[in-house]
Amino acid sequence: MLSWLVLAPLTAVCAAALQQSADYASKYDGVRVLRVPGAVDALVNSYGLTRWDTRGTHIDVQVPASVYDDFMNAVATLGANATQTMDVMVMHEDLGASIREESAGMLDYKRPEESEEGLVGLVSESWFLNYHSYADHLQYLDDLVATYPDNAAVFTSGTSLQGNPITGINLYGSGGSGSAPAVVIHGTVHAREWIAAMVSEGFAYSLLANYTAGDEEAISYLESYDIYIIPNVNPDGFIYSQEEERMWRKTRDPPPSGSTCYGVDINRNWAHASWGQARGASTDPCAEDYKGASAGSTAEVKGLAAFIDEIANSTAGGKMYMDVHSYSQLFMSAYGWTCTQAAANAAELNSLTAGFADALADVYGTRYDSGPICQTIYPVSGDSVDYAYDNAGIPYSFTPELRDTGRNGFVLPASQILPSVIETYAGLKYLLANMD
Ligand SMILES: [Zn+2]
């Protein structure tokens, strides 16, 4: 179990204000989110509905009130003419209300000030009770470093298109930064997956707090690995998801000529050999999985790829890579681009992903499925895990899809942040303890 630090007396320091547009939540009022059968794929397209997730078996989709009756009638008609049942599950009855509830505590966070006892306790688990603004996320990394100055430093992996430094925290043991094989973890590639930033920060806090508290496991991990954690690798998209469109996924790249649609899917843009195949990736700039104009074209991927390549080519080398997403409760490894060619160390990867899932389940009983990306979720080309594995040569290359399985999807209640952090840290510990 974690040994969380005792909460320090909290002194009120206002959280950085959000610049939310007046209709930030109200633009989703009356919008339902439904899980519908995969068989209605063409219908979802014909209504131009926004998708959250698409599988063979089901599609999670936003349905505005204005088309709800027509859409449901069309689904029923399709069902009457088909052999399969057309079960529809309601994920959100009113997405606007769910978004208001999710964000209710965001501005309640009070940043603790340095106490009389010094810096220990400056950060605490109270951070994990709410979601936070981007400015507060950056402040939190600074506060972690101020609390644990012997074992942490802030670093950047380049700059976003709009000029936001892509900021992370480097954790290390007594040998200092760069003295051990590297573990690189990053989150919120997809802007709307807010839980990914919180869980990434949870890894950093858990390792630092437990290391300092004398926990032998945490000590062995930080003495064995040089750990780099970037909670938000898509700051432009993340800020947009907090201030304009909660359901924004991509970067904020401007539309290519002939299109009016913004954004590239970072996790389809990596310069892996599979980028050109566009498997599970779109050439349509308006698609949520648009792969970009050329391989590695986005500022965010350029910065990250250069960083990962540099780590991999360093003396200590790269050991593990993890790209944190939500939702679906999955823990996956290379490959994404092919379901027929197994990774060279597939047996080891399968053992580690299954071990992660079991260790996570031991905490609260939350079940994750595990395996290679292509077989476990769907084929993807130009994805980060395949780049880290093949191009950078990092042997343990993973991606989780965090809570939940679809009850809430991207709008996961804030009450589930801390449990997500604690159970996922158990999975991370399994990997750090069992990688060769
Ligand atoms: Zn994602």
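**Figure 1. Glu 401 sits in strand 12, which spans residues 396-402.** Welcome to the first close-up of this predicted model. UniProt, in an unreviewed entry, lists Glu 401 under "active site". Is this residue buried or exposed? With a relative accessibility of 11%, Glu 401 counts as buried, since the cut-off for that label is under 20%. The same database, again in an unreviewed entry, gives the annotation "domain: Peptidase M14" for residues 130-435. Over residues 130-435, helix makes up 37% of the chain and strand 16%, and the C-alpha atoms at the two ends are 33 Å apart.

**Figure 2. A zinc ion is held by His 190, Glu 193 and His 325.** Each histidine, His 190 and His 325, offers its ND1 atom, while Glu 193 appears twice in the list of donors through OE atoms. The coordination distances run from 2.1 to 2.4 Å. Along the chain, the donors follow the spacing H-x2-E-x131-H. Both His 190 and Glu 193 are buried. Why is the arrangement around the zinc ion called irregular? The 4 donor atoms subtend angles of 57 to 147°, and a tetrahedral label would need all angles between 85 and 135 degrees. For orientation, four ideal tetrahedral donors would give 109.5 degrees. Do keep in mind that water is not among the atoms, so a site may look incomplete.

**Figure 3. Two loop residues, Thr 188 and Ser 328, have positive phi without being glycine.** Thr 188 belongs to the loop that links strand 7 (182-187) with helix 5. Its phi is near 60°, and Thr 188 is buried, with a relative accessible area of 0%. Ser 328 is in the loop between strand 9 (318-326) and strand 10. There the phi of Ser 328 is about 145°. At 13% relative accessible area, Ser 328 is buried too.

**Figure 4. Helix 5 covers residues 194-212.** How does its length compare with what 1.5 Å a residue would predict? The 19 residues should span 27 Å, and the end C-alpha atoms of helix 5 are 28 Å apart, which agrees. Of those 19 residues 18 are buried, so helix 5 is largely enclosed by the rest of the structure. Just after this helix comes Gly 214, with a positive phi of about 90°.

**Figure 5. Helix 12 runs from residue 417 to residue 434.** Its 18 residues are expected to span 26 Å, and the end C-alpha atoms lie 26 Å apart, in agreement. Because 15 of the 18 residues are buried, helix 12 is largely enclosed by the rest of the structure. In the loop between strand 12 and helix 12 you will find Asp 404. The peptide bond from Arg 403 to Asp 404 is cis, with omega near -5°.

**Figure 6. A cis peptide bond joins Ala 334 and Tyr 335.** Here omega is about 5°. Tyr 335 is part of the loop between strand 10 (330-333) and helix 9 (346-364).

**Figure 7. Strand 6, residues 165-171, pairs with strand 5 and strand 8.** Strand 6 is mostly covered, with 6 of its 7 residues buried. Strand 5 (residues 152-159) pairs with strand 6 in the antiparallel sense over 6 bridges. Within this pair, Thr 156 stands opposite Thr 167 of strand 6. The two strands form a hairpin with 5 residues between them, and Gly 163 in the turn has a positive phi of about 90°. Strand 8 (residues 226-230) also runs antiparallel to strand 6, joined by 3 bridges. In strand 8, Tyr 228 is the bridge partner of Asn 170.

**Figure 8. Four strands form an open antiparallel sheet in the order 2-3-1-4.** Strand 2 (51-54) and strand 4 (89-92) stand at the edges with a single partner strand each, so one side of each is left without a neighbour in the sheet. On average, neighbouring strands are turned by 20° against each other, direction ignored. Strand 2 meets strand 3 (residues 58-63) in antiparallel fashion over 3 bridges. Asp 53 stands opposite Asp 60 in strand 3.

Key:
Residues are numbered from 1 along each chain as its sequence is written. This is a predicted model: local features need pLDDT of at least 70, side-chain atom pairs count only at pLDDT 80 or more; totals for chains, interfaces and linings use all residues. Side-chain values use heavy atoms; hydrogens and water are left out. The expected span of a helix is 1.5 Å times one less than its number of residues. Buried means under 20% relative accessible area, exposed over 50%, partly exposed in between (1.4 Å probe, protein chains only). UniProt positions are given in the numbering used here, feature names are shortened, and annotations may be inferred rather than shown by experiment. Donors are N, O and S atoms within 2.8 Å of the metal (3.2 Å for Na, K and Ca); water is not among the atoms, so sites may look incomplete. Four donors count as tetrahedral if all angles lie between 85 and 135 degrees; four count as square planar and six as octahedral if opposite donors are over 155 degrees apart and all others between 65 and 115; anything else is irregular. Two strands pair if DSSP finds at least two bridges between them. Axes are lines fitted to C-alpha atoms, for helices over the stretch in contact, and angles run from 0 to 180 degrees between N-to-C directions.
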